Amino acid sequence: MMLNDELTNMIVSAVVGAISGGFVSLLLDIRKDRRNDKKDKIKEKQNIQKNRPELDIVKYENHQFIENIKDVPSCDIEVFVAVADRFEYGKNASAVYNKNNLDKSEWCCFTYVFKNMGLTDINSMNILMTTKRYVCLFETQELDYLLSHGAINYSICYDKKIRVGESVSLKLLYNKNHIPVGSFSAIMLLGLRDDNGHIWEQPFFAPDDKVYESHEISHKEYSQMLRSDDVYDELERMRH
């Protein structure tokens with residue numbers, strides 16, 4: 001009987017040992033796989049960052065004191081930067097702009113040529129205000145209508161591909177007496193959607209010739225930047 005008990009104990013010990021050893025081995029394999037996955041993700045992120053798109057300013061012209069705005073050649077993107085005098089609140093918020101904004105004899109501009117110096121094509125670009133407050137952005141088409149009807153807008157989309165090595169030109173137009181600038185930070189951003197679906201932002205210090213390098217942001221952050229729904233919430237906070 002003792003021999004049978006010893007034999008049973010040996011068998012049980014062997015089975016338990018085998019199971020324990022296999023379980024420990026499985027845990028070690030899982031930990032190893034997790035470490036490898038983490039390393040792969042870090043490497044993938046590094047490759048994405050290394051191959052990111054990036055716009056550099058390769059040409060800049062300051063036309064702040066130009067006599068006739070029509071003398072400046074046209075650009076791929078032309079944006080009027082409008083400063084609102086105040087906001088009015090009814091069913092919907094609307095902006096009130098000085099009529100001088102529509103007087104082209106009072107306009108000046110700054111022109112840029114951006115070149116994609118990165119390693120990935122850009123599918124689309126947005127020019128955005130960093131804060132949704134008194135400074136709005138408008139394309140020059142139908143500007144009279146938009147300003148006279150109190151339109152509020154904080155982003156302009158350039159929905160064309162900018163391949164690696166290609167350039168795009170931008171003209172920022174202002175009323176000479178109202179040129180907003182940031183005290184210590186950029187008041188504009190360049191939002192880039194690349195060929196692989198990643199989103200990048202570059203702080204843009206308009207009207208100066210300064211732009212920071214690109215860094216990746218989430219789709220959620222980018223969607224929030226492009227939303228206009230939260231503008232009215234912001235205006236309500238400013239009102240109180």
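Q: How many aromatic pairs does the structure hold?
A: The structure, which is a predicted model, holds nine aromatic pairs. One of them is formed by Y112 and F204.

Q: Why is the pair of Y112 and F204 called edge-to-face?
A: Start with the distance: the two ring centres are 5.1 Å apart, and rings pair if their centres lie within 6.5 Å. Then take the angle: the planes of Y112 and F204 stand at 80 degrees, and planes over 60 degrees apart count as edge-to-face. Both steps fit, so Y112 and F204 are an edge-to-face pair.

Q: What makes this pair a tie between parts of the chain?
A: Y112 belongs to strand β4, while F204 belongs to strand β10 (residues 199-204). The two residues are 92 apart in sequence, so their pairing ties those parts together.

Q: Why is the pair of F114 and F204 edge-to-face as well?
A: Here the centres are 5.5 Å apart and the planes are at 80 degrees. An angle over 60 degrees is what the name edge-to-face asks for, so the name fits F114 and F204. This pair also links distant parts of the chain, with F114 in strand β4 and F204 in strand β10, 90 residues apart.

Q: Which residues form one aromatic cluster with F114 and F204?
A: Y60 and Y112 join F114 and F204 in one aromatic cluster.

Q: How do you know whether F114 and F204 are buried or exposed?
A: Compare each value with the cut-off: buried means under 20% relative accessible area. F114 has 1% relative accessibility, so F114 counts as buried. F204 has 0%, so F204 is buried too.

Q: Is T111 buried or exposed, and why?
A: T111, found in strand β4, has a relative accessibility of 10%. That value is under the 20% cut-off, so T111 counts as buried. Beyond its neighbours within four places in sequence, T111 is in contact with residues including K59, Y60, V72 and L170.

Q: Why is K210 said to have its charged end over the ring of F205?
A: The charged end of K210 is 4.5 Å from the centre of the F205 ring. The distance test asks for NZ of Lys within 6 Å of the ring centre, and a second test asks for a position within 35 degrees of the ring normal. The distance of K210 satisfies the first test, and K210 is listed as sitting over the ring of F205.

Q: What makes strand β8 mostly covered?
A: Strand β8 (residues 167-175) has nine residues, and eight of them are buried.

Q: How do you know that β8 pairs with β2 and with β4?
A: Two strands pair if there are at least two bridges between them. Strand β2 (residues 77-89) has four bridges to β8 and runs parallel to it, with I77 standing opposite L170. Strand β4 (residues 107-116) has nine bridges to β8 in the antiparallel sense, and F114 has V168 as its bridge partner there. Both counts reach the cut-off, so both are pairings.

Q: Which residues have the most contacts inside the largest nonpolar core?
A: They are I77, L170, L172, M188, L190 and F204, in a core of 48 residues. Strand β2 gives the most to this core, with seven residues. A second, separate core of five residues includes L189, I199, I217 and Y222. In soluble globular proteins, nonpolar side chains tend to be buried together.

Terms used:
Residues are numbered from 1 along each chain as its sequence is written. This is a predicted model: local features need pLDDT of at least 70, side-chain atom pairs count only at pLDDT 80 or more; totals for chains, interfaces and linings use all residues. Side-chain values use heavy atoms; hydrogens and water are left out. Buried means under 20% relative accessible area, exposed over 50%, partly exposed in between (1.4 Å probe, protein chains only). Rings of Phe, Tyr and Trp (its six-membered ring) pair if their centres lie within 6.5 Å; planes under 30 degrees apart count as stacked, over 60 as edge-to-face and the rest as tilted. Contact means heavy atoms within 4.5 Å. A nonpolar core is a set of buried Ala, Val, Leu, Ile, Met, Phe, Trp, Tyr and Cys residues joined through side-chain atoms within 4.5 Å.
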